[in-house]
Amino acid sequence: MTAYAVAHMRQVTMGPQIVEYLHKIDATLEPFGGRFLIHGGDVEVIENNWPGHLIIIEFPDRRQMRGWYESPAYQAILSLRTDNSDSAVIMVDGVEHPHKATDVLGQA
């Protein structure tokens, strides 16, 4: 099942370390089938507030996503982001298609 790494980047200190991170992250994703679906961009807030930016990276499955996050290549650059940003990062599975909103009622 497709899985997603989702980051809410509330604040980023743009400098040499973040630039280095951006230059290196793509190479860490490639071996695990990861690809950016959303990477910042203009957010239109329609309810409450949303400070910062949204990043969503898609992976073929959770195993590949976890493999990427725990890989030596990603771990080598992780502090470039964490030392220079305030963010929350989660891993989440996608849904099987077709999916209806009421499908979650059977999970409760």
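# A tour that starts in the largest pocket

The lining of the largest pocket divides into 18 nonpolar residues, four polar and one charged. Here Ala, Val, Leu, Ile, Met, Phe, Trp, Tyr, Cys and Pro count as nonpolar, Asp, Glu, Lys and Arg as charged, and the others, Gly among them, as polar. The model on your screen is predicted: local features need pLDDT of at least 70 and side-chain atom pairs pLDDT 80 or more, while totals for chains, interfaces and linings use all residues. Residues are numbered from 1 along each chain as its sequence is written, and side-chain values use heavy atoms, with hydrogens and water left out.

**Stop 1: the pocket**

The largest pocket (on a 1 Å grid over the protein atoms alone, an open set of points where a 1.4 Å probe fits, with protein on both sides within 12 Å along at least five of seven lines) has a volume of about 390 Å³. Select Met9, Tyr21, His39, Ile55 and Arg81: among the 23 lining residues, these are the closest to the centre of the pocket. Lining residues have an atom within 4 Å of a point, and the volume is the space filled by probe spheres set on points joined across faces, edges and corners.

Now colour by secondary structure. Two or more lining residues come from each of β1 (3-12), α1 (16-29), β2 (35-39), β3 (53-59), α2 (62-70), α3 (72-82) and β4 (85-93). Which element gives the most to the lining? Look at β1, which gives five residues.

**Stop 2: the whole chain**

Zoom out to see three helices and four strands; these are DSSP runs numbered from the N terminus, with helices being H or I of at least four residues and strands E of at least two. From one end of the sequence to the other, the pattern reads β-α-β-β-α-α-β. If you show the C-alpha trace, it spans about 45 × 35 × 20 Å along its principal axes. Of the 108 residues in the chain, 28% are buried, where buried means under 20% relative accessible area, exposed over 50% and partly exposed in between (1.4 Å probe, protein chains only). Among contacts (heavy atoms within 4.5 Å) with a separation of 6 or more, 76% join residues 24 or more positions apart.

**Stop 3: the strands**

Select β1 and β3 together: they run antiparallel and are joined by seven bridges. Strands pair if DSSP finds at least two bridges between them. Follow Val6 across to Ile56 in β3, then Ala5 to its bridge partner Ile57. Add β2, which pairs with β3 in the antiparallel sense over four bridges; there, Ile38 also stands opposite Ile56. Because five of its seven residues are buried, β3 is largely enclosed by the rest of the structure.

Next, add β4, which is antiparallel to β1 and pairs with it over nine bridges. Tyr4 is a good landmark, standing opposite Val92 in β4.

**Stop 4: the nonpolar core**

The largest nonpolar core (buried Ala, Val, Leu, Ile, Met, Phe, Trp, Tyr and Cys residues joined through side-chain atoms within 4.5 Å) holds 17 residues, and Ile25, Ile57, Phe59, Trp68 and Tyr74 touch the most other members. At least two core residues come from each of β1, α1, β3, α2 and α3.

Centre on Tyr74, in helix α3. Is Tyr74 buried or exposed? With a relative accessible area of 1%, Tyr74 is buried. Beyond four places in sequence, Tyr74 touches Tyr21, Ile25, Thr28, Trp68, Tyr69 and Arg81. The C-alpha atoms of Tyr74 and Ala27 are 9.0 Å apart, although their positions lie 47 residues apart in sequence.

Hop over to Phe59. Leaving out residues up to four places away, its contacts include Thr2, Leu29, Phe32, Gln64, Met65 and Trp68.

**Stop 5: two partly exposed residues**

Select Arg10 in strand β1, which counts as partly exposed because its relative accessibility is 34%. Apart from residues up to four places away, Arg10 touches Pro51, Gly52, Asp86, Ser87 and Ala88. Its C-alpha atom is 8.0 Å from that of Ala88, 78 residues away along the chain.

Finish at Met1, in the segment before β1. Met1 is partly exposed, at 46% relative accessible area. Ignoring neighbours within four places, Met1 is in contact with Pro60, Asp61, Arg62, Asp93, Gly94, Val95 and Glu96. Draw a last distance from Met1 to Asp61: 60 residues apart along the chain, their C-alpha atoms are separated by 5.1 Å.
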